[in-house]
Amino acid sequence: MSTQKIKNLVRKFNNSIEMNKEYQAYSDFKEGMNKGMDIARYTFEENAEKFTTPDYDTDLAIKVKRLQEDFNNLLDGIVLPKKPNCSEERLSGIYSGFEKSKKVFGDFMQEAFLLEN
């Protein structure tokens, strides 16, 4: 996949994440969710080429499922230590943001591949 297509995919995923964030994050939990979604966005951006490798002989549904599993594994591998200025609520929110990002990613990939085909 060309560099431009990868950049477009990253930009579109960033937009998807931004549309799903909490804009009235007045609690540690909601701020944590937004932070978790940002971490997921940066993780995707850093690994975008892994998610754009063509797999022509695979059914679209199987391809999306594999990509979803790869993304989930990346996020599940992130371990955040509790920092002195990070409350339990915020930490819990970050992990909830990861979960929300996984769903956003799945929806995004299905839409991206449908538009591509």
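A salt bridge here pairs a side-chain nitrogen of Lys or Arg with a carboxyl oxygen of Asp or Glu lying within 4 Å. By that yardstick, Glu22 and Lys100 make the cut in this predicted model, with their closest N and O atoms 3.9 Å apart. The two partners come from distant parts of the chain: Glu22 sits in the loop between helix 1 and helix 2, while Lys100 belongs to helix 4 (residues 88–116), 78 residues apart. Glu22 has a relative accessibility of 26%, so it counts as partly exposed. Lys100 comes out at 25%, so that residue is partly exposed as well.

The Glu22 pair has company, as the structure holds 12 salt bridges. Another one joins Lys102 and Asp76, whose side chains meet at 2.5 Å, N to O. This contact also links distant parts of the chain, with Lys102 in helix 4 and Asp76 in helix 3 (residues 60–76), 26 residues apart. Lys102 is tucked away: its relative accessibility is 9%, and buried means under 20%, so Lys102 counts as buried.

Then there is Arg41, which pairs up with Glu18 in a salt bridge whose closest N and O atoms are 2.6 Å apart. Because Arg41 is in helix 2 (residues 28–46) and Glu18 is in helix 1, the pair ties together parts that are 23 residues apart in sequence. The two ends of this bridge fall into separate accessibility classes. Arg41, at 12% relative accessibility, counts as buried, whereas Glu18, at 26%, counts as partly exposed. The pair is also part of a wider arrangement, since a network of salt bridges links Glu18, Lys21, Asp38 and Arg41.

That brings the story to helix 1 itself, the home of Glu18. Helix 1 covers residues 3–19, and at 1.5 Å a residue its 17 residues should span 24 Å. The C-alpha atoms at its ends are indeed 24 Å apart, so the expected and computed spans agree. Seven names make up the buried set of this helix: Ile6, Leu9, Val10, Phe13, Asn14, Ser16 and Ile17. Viewed down the helix axis, these buried residues fall within an arc of 160°, which means that they line one face of helix 1. And what does the face turned away from the buried side carry? There, the exposed residues are Lys5, Lys7 and Met19.

Taken together, the salt bridges described here connect helix 1 with helix 2 through Glu18 and Arg41, and helix 3 with helix 4 through Asp76 and Lys102. The loop between helix 1 and helix 2 is linked to helix 4 through Glu22 and Lys100.

Methods. Residues are numbered from 1 along each chain as its sequence is written. This is a predicted model: local features need pLDDT of at least 70, side-chain atom pairs count only at pLDDT 80 or more; totals for chains, interfaces and linings use all residues. Side-chain values use heavy atoms; hydrogens and water are left out. Helices (H or I, at least four residues) and strands (E, at least two) are DSSP runs, numbered from the N terminus. The expected span of a helix is 1.5 Å times one less than its number of residues. Buried means under 20% relative accessible area, exposed over 50%, partly exposed in between (1.4 Å probe, protein chains only). The arc is that of the directions from the helix axis to the C-beta atoms.
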